[in-house]
Amino acid sequence: MIRLGPAGNIEQHDTISTLQKLKNMGLQAKEIEFVRQVYLKNDAAKIIGKKAKELDINLSIHAPYFINLASEEKDKVIASKKRILDSCERGHFLGATHVVFHPAYFGKRSKEETYSIVKNEIMDMLETINRSGWNVKLAPETTGKHSAFGSLDEIIKIVKETKCDICIDPAHLYARNNGTINFKEMLDKLEVLKLKNLHFHFSAIKYSPKGEVSHLTLAEGGPKFEPFASELLKRKIDCTIISESPITWQDSLNMKKILEKLGYKF
Ligand SMILES: [Zn+2]
């Protein structure tokens, strides 16, 4: 099954009324964005989770953006983990599946050193998640800037070695690779992980030699959704695709149209 939906709320709507609107539009997913902070309380999370379940809308979370698990300042690492773990706790009460986060920046560290730090911190957080009984998947995301940890190979390796989950953003990979992406190769690599449900972000993107600059609407640039969609359908991949376009839910509907054109029935 393929689920589509936006990151964040629909303009002028709170989370509950956004969920109802999405249902009415025929969408099936939504990512809750803790951009600056984890703003929900557990009680509010439970109420939202109940509504989402009633409407059969899959919830996921984007942890706050101020995260660097490989920072040289210990305080920043502790604060980063707290932001991710607070998101996981809220995610548990929301009934959310994935808790997405951008893991780290290299700073002055080598790629190898950064990798082993991020890996250790992820293992430590997985232990806390298990011990707390939170039913969520920790999902480090493929990032769009060369200064950030998070190439497809880095994230896949960490998933294999820690058994965490993954969030794949093809736009970020496209930005890292100067405006090219091979969906077949990408999905071949992901299939090896044998995950039951893949979590994607999708939008078009503006990039420079340093990588990601900003997200664009599907109409404004690449990568194009149709070749990605047809590869997903060919392989019968179960997944959630969150629109991170500047026009979030409208582009979810555009993705829906493309999938339907290719013969997919929602
Ligand atoms: Zn992200």
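These questions and answers walk through a predicted model.

Residues are numbered from 1 along each chain as its sequence is written. As the model is predicted, local features need pLDDT of at least 70 and side-chain atom pairs count only at pLDDT 80 or more, while totals for chains, interfaces and linings use all residues.

Me: How many helices and strands does the chain have?
Reply: Both are DSSP runs, numbered from the N terminus: helices are H or I over at least four residues, strands E over at least two. By that count, the chain has twelve strands and nine helices.

Me: What is the order of the four strands in the open sheet?
Reply: Strands pair if DSSP finds at least two bridges between them. Here the pairing is parallel. Strand 1 (2-6) and strand 8 (167-168) are the edges, each pairing on one side only. The order is 1-12-9-8.

Me: Which residue in strand 9 stands opposite Cys167?
Reply: Strand 8 pairs with strand 9 (residues 198-202) over two bridges, in the parallel sense. Opposite Cys167 in strand 9 stands His199.

Me: How many residues are in the largest nonpolar core?
Reply: Such a core is a set of buried Ala, Val, Leu, Ile, Met, Phe, Trp, Tyr and Cys residues joined through C-beta atoms within 7 Å. Buried means that 20 or more other C-beta atoms, placed from the backbone, lie within 10 Å of a residue's own. Ala63 and Ile84 are among those with the most contacts inside the core. Its size is 70 residues.

Me: What percentage of the 266 residues count as buried?
Reply: The cut-off for buried is again 20 or more C-beta atoms within 10 Å. Over the chain, the share is 47%.

Technical notes
A residue is buried if 20 or more other C-beta atoms lie within 10 Å of its own, exposed if 12 or fewer, and partly exposed in between; C-beta atoms are placed from the backbone.
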